Amino acid sequence: MSDTRETIKITTPVKKHKVVLKAWINGREKQKIDGAMFNSITTEGEGKNLKPVMNDTMLAGQENARIEAVVVSVDGSEENILDTVLDMRAKDFEFIAERTQKIV
């Protein structure tokens with residue numbers, strides 16, 4: 001199935017990167033994003049004393065999954081999108097992260 005859904009074009013505030021985002025995500029993408037969060041949770045204890053333990057990669061994993069699912073291109077390139085976004089100045093990264101969260 002070809003993906004011909006609508007996109008949104010944004011420009012980051014600091015370095016003015018041109019970023020194309022999907023306007024919406026599908027169920028498969030949502031499951032992958034949710035799964036990224038749960039992949040970071042382990043448990044401790046035994047039997048009825050079993051408790052979830054969250055580690056410091058939980059939020060980053062979910063945020064990275066959102067970026068991978070929503071961002072189509074950065075400055076015209078569809079290659080290495082996650083690394084490109086992570087390497088941006090913090091204000092530009094936060095701008096993209098906030099936009100992807102709103103879409104999800």
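Glu-6 sits in the segment that comes before strand 1 (7–11), and in this predicted model its relative accessible area of 49% makes it partly exposed. Although Glu-6 and Ala-23 are 17 residues apart in sequence, their C-alpha atoms are 5.5 Å apart in space. The points below begin with the surroundings of Glu-6, then turn to the salt bridges, to helix 1, to two residues of helix 2, and to the nonpolar core.

**Around Glu-6**

- When residues up to four places away in sequence are not counted, Glu-6 touches Leu-21, Lys-22, Ala-23 and Trp-24.
- With Trp-24, Glu-6 also shares a polar contact between side chains, at 3.0 Å.
- Leu-21, one of the residues touched by Glu-6, appears again among the members of the largest nonpolar core that touch the most other members.

**Salt bridges**

- The structure holds four salt bridges, and Arg-5, Lys-22 and Glu-29 are linked in a network of such bridges.
- Within this network, the side chains of Arg-5 and Glu-29 meet with an N to O distance of 2.9 Å; because Arg-5 lies in the segment before strand 1 and Glu-29 in helix 1, the pair ties together parts that are 24 residues apart in sequence.
- Glu-29 forms a salt bridge with Lys-22 as well, and here the closest N and O atoms are 2.7 Å apart.
- Arg-5 and Glu-29 are both buried; Glu-29 counts as buried because its relative accessibility is 12%, under the limit of 20%, and Lys-22, at 14%, counts as buried by that limit too.
- Another salt bridge joins the side chains of Lys-30 and Asp-34, with 2.9 Å from N to O, and these residues, being four apart in helix 1, are separated by about one helical turn.
- Lys-30 is partly exposed at 33% relative accessibility, and Asp-34 is likewise partly exposed, with a relative accessible area of 25%.
- As a matter of general background, side chains of opposite charge can pair when their charged atoms come close.

**Helix 1 (27–38)**

- Helix 1 has twelve residues, which at 1.5 Å a residue should span 16 Å, and its end C-alpha atoms are 17 Å apart, which agrees with that expectation.
- The buried residues of this helix are Glu-29, Ile-33, Ala-36 and Met-37, and, seen down the helix axis, they fall within an arc of 105°, so they line one face of helix 1.
- Exposed residues, namely Arg-28, Gln-31 and Phe-38, are found on the other side of helix 1.
- An α-helix has 3.6 residues a turn, so residues three or four places apart point the same way.
- Where helix 1 starts, a side-chain oxygen of Asn-26 comes to within 3.1 Å of the backbone nitrogen of Arg-28.

**Two polar residues of helix 2 (58–70)**

- Gln-62 lies in helix 2 and is buried, with a relative accessible area of 15%.
- Not counting residues up to four places away in sequence, Gln-62 touches Ile-33, Asp-34, Ala-36 and Met-37, and three of these, Ile-33, Ala-36 and Met-37, are listed among the buried residues of helix 1.
- Gln-62 and Ala-23 are 39 residues apart along the chain, and their C-alpha atoms are separated by 19 Å.
- Arg-66 is also placed in helix 2, and its relative accessibility of 9% means that Arg-66 counts as buried.
- If neighbours within four places in sequence are left aside, Arg-66 is in contact with Ile-33, Ala-97, Thr-100, Gln-101 and Val-104.

**The largest nonpolar core**

- This core has 21 residues, of which Leu-21, Ile-67, Val-71, Val-85 and Ile-96 touch the most other members.
- Two or more core residues are given by each of strand 2 (18–22), helix 1 (27–38), helix 2 (58–70), strand 5 (71–74), helix 3 (81–86) and helix 4 (90–103), and the largest share, five residues, comes from helix 4.
- Val-71 is in contact with Val-19, Val-20, Leu-21, Ile-81, Ile-96 and Thr-100, leaving aside its neighbours within four places in sequence.

Methods:
Residues numbered from 1 in each chain as written. Predicted model: local features only at pLDDT ≥ 70, side-chain atom pairs only at ≥ 80, totals over all residues. Heavy atoms only, no water. Core = buried A, V, L, I, M, F, W, Y, C linked by side-chain atoms within 4.5 Å. Buried < 20%, exposed > 50% of the residue type's maximum accessible area, 1.4 Å probe, protein only. Contact = heavy atoms within 4.5 Å. Expected span 1.5 Å × (residues − 1). Arc of directions from axis to C-beta. Polar contact = N/O pair within 3.5 Å; in protein donor to acceptor, adjacent residues only side chain to side chain.
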